[in-house]
Amino acid sequence: MGPVLAELPTEETLKVTTRVRCESYFATRDRALLAHETQVDPAHPFFAHSREIERQAWPYEDYHLAHPTPGPHLEDDLFTGVTP
């Protein structure tokens, strides 16, 4: 996991504004990523670690909204504040 973790931005460089619990969808996420080999290397270490360990250690996807909702709270829905 070292190479994968080393690639992640730090909290100082990228403020996480939204954290979505999604461990039930890791298999779907991985299939979607692997369907686009021009976007992601199938041999990348990200695909080598145990998904069960990932579910236990970090069952989330983190996002940085370009225009976050004001306030110190962490969103748990990518569509919070979006109006049609």
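How many nonpolar, polar and charged residues are there in the lining of the largest pocket? The count, taken from a predicted model, comes to 13 nonpolar residues, four polar ones and six charged ones. Before looking further into that pocket, it helps to get a feel for the chain around it.

The protein chain has three helices and two strands. Read from the N terminus, these elements follow one another as α-β-α-α-β. As for overall dimensions, the C-alpha trace covers about 40 × 30 × 25 Å along its principal axes. The chain holds 84 residues, and 21% of them are buried. Its accessible surface adds up to about 6500 Å², with carbon and sulfur atoms making up 60% of that area. Then there is the matter of who touches whom: of the contacts with a separation of 6 or more, 76% link residues that sit 24 or more positions apart.

Back to the largest pocket. It encloses about 810 Å³ of space, and 23 residues line it. Nearest its centre lie Leu-8, Trp-58, Tyr-60, Glu-61 and Asp-62. Three elements each give two or more residues to this lining: helix H1 (2–7), helix H3 (51–57) and strand E2 (60–63). Among the contributors, E2 supplies the largest share, with four residues. So much for the pocket walls; in terms of class, they come back to the opening tally of 13 nonpolar, four polar and six charged residues.

Key: Residues numbered from 1 in each chain as written. Predicted model: local features only at pLDDT ≥ 70, side-chain atom pairs only at ≥ 80, totals over all residues. Heavy atoms only, no water. 1 Å grid on protein atoms, 1.4 Å probe; cavity = no way out; pocket = protein on both sides within 12 Å on 5 of 7 lines; lining within 4 Å. Points joined across faces, edges and corners; volume = space filled by probe spheres on them. Nonpolar A, V, L, I, M, F, W, Y, C, P; charged D, E, K, R; others polar. Buried < 20%, exposed > 50% of the residue type's maximum accessible area, 1.4 Å probe, protein only. Contact = heavy atoms within 4.5 Å. Areas by Shrake-Rupley, 256 points an atom, 1.4 Å probe, with all protein chains shown as cover.
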